[in-house]
Amino acid sequence: MKRTPRKRSAALHVPPGAPQKTIAGGLAVALVLAVAACGGDDNGGGASVPGVTDTEVVVGTHMPLTGPASAGYSKIAPATKAYFDLVNANGGVHGRKITYKIMDDGYNPANTQQVVRQLVLQDKVFAILNGLGTGTHTGVLDFLASNRVPDLFVASGSRSWDQPDKYPGTFGFNPDYTVEGKILATYIQKNFAGQKVCFLGQDDDFGRDSLLGVEKVLGPTGVAAKQKYVTSNANVGPQIGAFKAAGCQVVVLATVPPFTALSIGTAARLGFRPQWVVSNVGADYLTLSGLLGANKALLEGMLAVGYLPSQFDLDDPWTALFKRVNDQYNAAAPFDGNIVYGMAVGYLFVQALQAAGKDLTREGIIAAVEKGGFRGPGLAPLRYSGDDHSGYGGHRMTKVTGSTQDYFGPIYETDEADGPVKEYAEQPPAPPQNGIPAA
Amino acid sequence: MRSTVVRHLALTLAAAAALLALTYGLAPFRDYQLATAAAYLCVTAGLTVLTGLSGQLSLGHGALMATGAYPVALAQNEFRDRDISGGWVLPLSLAIGVAAALVAGLVVGLAAARLRGPYLAGVTLAVAVIVPALTTAFDSVFNGDQGLSVYIEPPPLSLGATFPYERWQAWIALTGALLTMFLLANLVRSRYGRHFRAVRDDEVAARLAGIDVARTQVLAFVVSAACAGLGGGLLAVLAQSVSPGAFSLTLSLFLVMAVVIGGLGRLAGAVWGAVLLVLLPEASHSLTEALSLSPAAAQRLDGNLPLAIFGTTLVVVMLLAPGGVQGLLARAARRLHPRQDHREVGTP
Amino acid sequence: MDRFVFLTFDGLSRGAVYAAFALALVLIWRGARIVNFAQGAMAVATVYAAYSVTSATGSYWLGFGAALLFGLALGVVVERGVMRFVAHTSPLNAVIVALGLVLVIQAVLGMVYGNEYRPAEAPFSRTAFTVGGLAFLSRYDVFVFAAVVALMVGLALLFTRTAVGLRLRAAAFAPEVSRLLGVNVAGMRTLAWALASAVGALAAMLVVPTGLGLHPTSMELVFVTAFTAAVVGGLDSPLGAVAGGLAVGLLLSYVSGYAGAEMTPVAVLLLLLAVLLVRPSGLFSGVAARRV
């Protein structure tokens, strides 16, 4: 390769002489001062509660609205906002309308740091609601704790949200991955006894906690082959190939939706058709069939778990309610599990606001959640108490038949430790007539 | 040369005083943004020296930031586990991070010294993608995609119980940035700075003049890597966490673009670049909010609009003003101060 | 042994798509002496165009053809509309402009099509042929190989045996002299861009069905891997690009299978450093770097 003398860039000629630097320096400082001026500060906050006035309460969230993780999850926050619109149209809670600020972090923890600080320091929100992502949210726990911001109903099943002594203001929502693993394993033990069970999990807390739960029930030798995947490597051929070679008959997937679809598709190409048992995180039928396209018939017979009303069962009064709200306030977006999830979160938050009373404070809402006793659309019980901040504590099995995904069998509940997996007999209550929890 | 150092020292101290006053005047969130810009400034300053003055394109500086950030996280957590504390702990951790980045810069620099043009770009691109992925390869230490949280001691009690944490963060970051700028300004005006420019402009002539080309190239890489490591370490302190997603390929590319828009080869341009990296996402988000669209449309635009704006700005600036913001300012300054610097060769 | 055979074929089929994209990079390097960092984003845009056409007409091959045509057009537009005006005082300028284009293209695609993954259909079955329980290549893999080989042969013939190819190379290596000899240098550059963009579109159409789906960022990692493959093989050599692509594909597969998916980045880095320390201009490049 002939190397020609490198041409000079006209821009690089001027040595950094003093006059230009001083002017540049001065202008830079001036710019920063200008930004500071319009930054607007009322750090003389006084005794008022941040984010709360007589007519409004402001909460914020961080969600992946863009980027590879946004598929599906980007629909959650708009659904919650739509539910809040319903509540606001009926006068709000104790006369306060709910304003929901949705910030995009692209599933990147560095962005989460920025937007959460913006919400707390700049927008002065009352609380953070339903922050999504294990890795993204872990990074802001310390900041929220030291600023005493209520951190409600984190959208992830990690056990990190259940640390009341370290993070007294943080509460989970999703059932823990370990709880889920135990329930999946219990079902496998009862219905697929003697068959070879294998496990594919994401290489982080999600996959690890799921496997922990599975092995608590099946025992340390119960899983014949264990494989991991990373979201940066979209080829699971080697892992699925290993399962096929090991003769797996049941495969447990602790995967996000793109990788659930990828695993099922790859297995079909290799001529390998085990019984798929999938985590709630990656099992939404509509999302998966969208990803698989023409191959969506491969989902037939897929087993999974869920804890919220089924979006397919329009006889369920909660589903009907959420669909109504979706049509009216969310521009009739495609109605799937993410919409149901978002509205369930909204419903629980409104219940907490009501329980906290007219004199709304940050300590007040934390106490209200800890008091617990909320009953809503969830199938499983909520475990909130003074020393349990984890959230939902159970699941019900689902199965894909044709083009629906329906619940069957009993609801199971358990804890994240070594407690047994029991059946839970209580049914969800009927929703209120206007869709808003009774005060 | 000595007068140059003294002059730079005076400028640095004056800037320090001004910035100190500024941190008292700003709201906490703006202090945090100032701190973030200061951390980015360490990186952009080193990168502009490497790419502008030494002519070596690096598309992997985000990864070099990670090689500084992770050791800081591990060191801070280790000190905390052993109950060691004190004012010297954080500077020591940062020094460890800089040292690690220096070694990484040496390795990459040695591999890159023999490469030119697209091959160099290719190696740095691979570094940008692969080094963060190493955190998943050795996830017992680095905890994979989830990353590590970084323990930082609260501000010393001597400052008062109500001292805003963000102001303390700004002080830490600004100290690092001022130190970096001071050292780089001296380096650029020294013999080594002249060697950088000589090798960039005409390698054959530089070699004939007795300059060791490979060593000069490697030195530039090592210096800029150390600066990137410091910047990464400071970001770890500010965010109180490290994760591979924070040092992705996108960040590496944004750094190059920020440096070019600010003005390649000029330290003042690095300042503009750092400011841009912090302000542009927020400005785009405010613009999207101000348009008050329907939820579905806003969802499409939010996130995508800043990217579109950044990309368009980049293209436009490169086509119309290759000297960047600082180049435009320099041209304007020259028009105001007609006395010429007789050392200049070839005005644009 | 079974596992080794399985991993080999998995690696070859992956490597073929990297090879296809590496060919596009080699093409633009030989034709315009720059590396087009926007290649991946431009290619993804053409796949979206194919997606729209296929959704509207129901035919994969119509969409395929649309992608190639759109690729040609996009290459012309980018070269004439943007790259032509880049100041050539430094090779950096073109790189930065290309990176800016990547952002703009990804953002526009996100705004127009949304950020969901869309299913990308393959024209042939991706189920592997099995012989005695061992999975070999699928029909789709054979299609990809055939396309890559045809492309490689076509490009080699174009550059070495045709007058147009000679003019392309002349315009890239020695623009001033070529102009004096009557070569339409500007036109040749536009042609190089158009061809490279079409080849990139072809490569992307081959790659996207094998991944997670169609998304504005689908080609990012592929670009980096293919660029590594092209550098390993030598940017001047189509044969090198193919060899590099297959080598990288095999390496990724073996490492993923024997050491775990997490170790693949380490392996790629080691390969890259090893090749570049021993043969800096790539394994198959014919011209040695001039040392002073």
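Here are four short exercises, each with a worked solution, on a predicted model.

**Exercise 1: a helix pair in chain C**

Work out how helix α1 (residues 2-32) and helix α8 (residues 185-207) of chain C are oriented to each other, and what their contact is made of.

*Solution.* Start with the axes: those of α1(C) and α8(C) come within 8 Å and cross at roughly 175 degrees. Next, check the angle against the cut-off: anything over 145 degrees counts as roughly antiparallel. So α1(C) is roughly antiparallel to α8(C). Now look at who does the touching. On the α1(C) side, the contact residues include C:V17, C:F21, C:A24 and C:I28, and on the α8(C) side they include C:R189, C:W193, C:A196 and C:V199. Finally, sort the contact by class: 17 residues are nonpolar, 2 polar and 1 charged.

**Exercise 2: two domains in chain A**

Find the domains of chain A and describe where they meet.

*Solution.* First, take the bounds from the domain assignment: domain 1 of chain A covers 56-175 + 311-392, and domain 2 of chain A covers 177-306. Then get the spacing: their C-alpha centres lie 28 Å apart. Step three is the contact itself, which takes 11 residues from domain 1 of chain A and 13 from domain 2 of chain A. On the domain 1 side, α2 (70-73), α5 (134-138) and α13 (337-356) of chain A each chip in at least two residues. Sorted by class, that side of domain 1 of chain A has 2 nonpolar, 7 polar and 2 charged residues.

**Exercise 3: strands around β4 of chain A**

Trace the pairing of strand β4 (residues 151-154) of chain A, using A:D151 as your marker.

*Solution.* Begin with β3 (residues 127-129) of chain A, which pairs with β4(A) in the parallel sense over 2 bridges. One bridge partner couple here is A:I128 with A:D151. Now go to β5 (residues 170-172) of chain A: it runs parallel to β4(A), and 2 bridges join them. Here A:D151 turns up again, with A:T170 as its bridge partner in β5(A).

**Exercise 4: where chain B touches chain C**

Count the residues in contact between chains B and C, then say which element of chain B gives the most.

*Solution.* Count first: 40 residues of chain B are in contact with 41 residues of chain C. Then list the elements of chain B that give two or more residues: α5 (117-137), α9 (203-208), α11 (249-263), α13 (295-301) and α14 (304-320). Out of these, α5(B) gives the most, with 14 residues. Last, the classes: the chain B side divides into 29 nonpolar, 7 polar and 4 charged residues.

Note on methods. Residues numbered from 1 in each chain as written. Chains lettered and ligands numbered in written order. Predicted model: local features only at pLDDT ≥ 70, side-chain atom pairs only at ≥ 80, totals over all residues. Axes fitted to C-alpha atoms, helices over the stretch in contact; angles between N-to-C directions. Helix = DSSP H or I, 4+ residues; strand = E, 2+ residues; numbered from the N terminus. Parallel < 35°, antiparallel > 145°, perpendicular 65-115°, else oblique. Contact = placed C-beta atoms within 7 Å. Nonpolar A, V, L, I, M, F, W, Y, C, P; charged D, E, K, R; others polar. Domains from an automatic or database assignment. Pairing = 2+ DSSP bridges.
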